[in-house]
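User: I would like to go through some helices with you, one question at a time. Please give the reasoning before each value or name.

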Amino acid sequence: MKDEDKTKKELIDDFVRIKQQLKQYVDMFDVLPDIVYKVDSNGHFVYLNGTIKSMGYSPKELIGKHFSNIVHPDDIASVSRFTVLKKYKGSITGDKCAPKLFDERRTEKRGTKHLPVRLIQKGWEQKKNSENTLDSKIVHVEVMASGQYDKTVSRKDNAFLGTLGTIRAMEKQKYVAPVNDGEISCGEIFSSGTDDIDLDSYYKMHEGTVGIIRDVTERRIFEQQKAKIEKRLQQSRKMEAIGQLAGGIAHSFNNLLMVIQGNISLMLLNIVPSHLYHEKLRSIEEQVQNASKLTAQLLGYARKGKYEVKCLDLNQIVQETSETFGRTKMGITIRKELDDGLFSMDADETQLQQVLFDLYLNAAEAMLDSGDIILKTTNLTHEDMKDKEFDPKPGNYVLLTITDTGLGMDKSTVELIFDPFFTTKHMGMGTGLGLASAYGIINGHGGYIDVESRKGHGSTFNIYLPASVEKVRKALGTADEIIRATGTVLLVDDEDIILEVEKKLLEASGYDVLTARNGKEAVEIYKKKWDNIDLVLMDMVMPNMGGGEAYDRMKEINPRVKVLLSSGYSINGEAKEILARGCDGFIQKPCTIKELSMKIREILEK
């Protein structure tokens, strides 16, 4: 009796000890950062550690339920054994390309590793047309899973048989799928030949699947952000490369136009308006201006067209440009919702007007010249632009949205809309430069532009421009006639034909002219005659010494030197940098004799 009592006491002690050990193991699993699970042969949970609580569930409420209850509906078909086998008609190899399963039956090296799947937290509801892959109720995870078997049944530890059927000879790491009554299952065996296994013992063999679920949501967010940055970098490099080509072409073309415009200006000086050729010359001059606008688009795309920057009121520009455009498109209704307290901004007015006219025209064409254009302005900060593709610099911005009620665009068109020479128009009906130029101009001003559109639902272009702390000043009027004066101008340009034409234009305006073919030669002349030179008209891009360095050298000789820069375009913001160092002004080629004489007079009268 005493021995029997002793045995009972030992059994009780063993039970208590085992229970304590089990509790320690359970507690240890519950503090793991990963979810540990086990499902039976039918995919129902039989165990979950406490980490599942991070998704809003308790282990108790999921025990006995199918694992598909926590898998995103769109992912179930790709991770469930039954649906995957049905797709592959019951034949799956054990190689790296084999499908990965949540209820995996393969073991060891052939088990599931790094299976990406989305799980849903408690309370998740599927939203229609939702494109947000980072829903706060969706958890991105990776699953590692392996089949679990009763090792006492088969002489091969990892062998198992499908639901029903017979085993046929097959190679290692292969699955077969006996079919019975339309159900598909699979088998795996490690030996060749046939094994006689009692089918009644099948359910003793396969015990289920054990696995680990690791939350990789933060990594997924990082990868998506990285992909966006890489895409943005590739786009930026592409735009920069094409921009350099476009800028170079525009610069050379503007120099040619300067020669044509200069000679027309000289000819018009010597003939009266009633002359037979007067109107023809005016017509040529008009075409030069049109060609200049085309190069301005190229320069805008190349971000080399921002010259006359001043503090502007965006509302005023929107009012003026929309009224002008509205008079040319009578079938279009323009509605404006402009913020009365809108910040001012620093911009080149001409370039900004070009952007707006291009966008108005684009909207009108999308509506087949009949519909509504809605213009809105408002203030915002970089904090309001967090969800955009671009990464805005901190600060205040003014936002202009241009919405049309047109045909809209599909996703593939939206992705290409700012590419140069891309157009949806027929051959000969458009250059494809308008929106590309708008993109370059806005970026050149430190701003951003994007578009939202769906086929059949119109389009909205959003323009974000940095706000200014300065106040808008009233613009001065321009002269209609040549301003004649006296004085000496040092003209510097490396192209003889331009040097010749500009020399004649200056002389026609009343100035004595000294010439130099590069910066080095100009500095030597200025060193000798600086006290007799009233102004230097200088090209920026020249051999031996460019305009920037030449200006610095002249300033050392005479700190009060007056210099007017002239170029077809500014290279990498060089004109702006020189102006910031004290240079007096900039004029873009091609220019008329009136524009040139007015600019010189403006500088000399400072």
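User: How far apart are the end C-alpha atoms of helix α8 (residues 314–328)?

Analyst: This is a predicted model, in which local features need pLDDT of at least 70, side-chain atom pairs count only at pLDDT 80 or more, and totals for chains, interfaces and linings use all residues. Residues are numbered from 1 along each chain as its sequence is written, and side-chain values use heavy atoms, with hydrogens and water left out. Helix α8, a DSSP run (H or I, at least four residues) numbered from the N terminus, has 15 residues, and at 1.5 Å times one less than that number the expected span is 21 Å. The distance between its end C-alpha atoms agrees with this, at 22 Å.

User: Within what arc do the buried residues of α8 fall?

Analyst: Buried (under 20% relative accessible area, 1.4 Å probe, protein chains only) describes L314, N315, I317, V318, T321, S322, F325 and G326 in α8. They line one face of the helix, because the directions from the axis to their C-beta atoms fall within an arc of 150 degrees.

User: Which strands are included in what covers the buried residues of α14 (residues 547–557)?

Analyst: In α14, the buried residues are G547, G548, A550, Y551 and M554, and they lie on the same side of the helix, because their arc around the axis is only 160 degrees. Their cover, judged by contact (heavy atoms within 4.5 Å), includes helices α13 (519–529) and α15 (574–580). Among the covering elements there are also strands (DSSP runs of E, at least two residues), namely β17 (488–492), β19 (535–539) and β20 (563–567).

How values were computed
Buried < 20%, exposed > 50% of the residue type's maximum accessible area, 1.4 Å probe, protein only.
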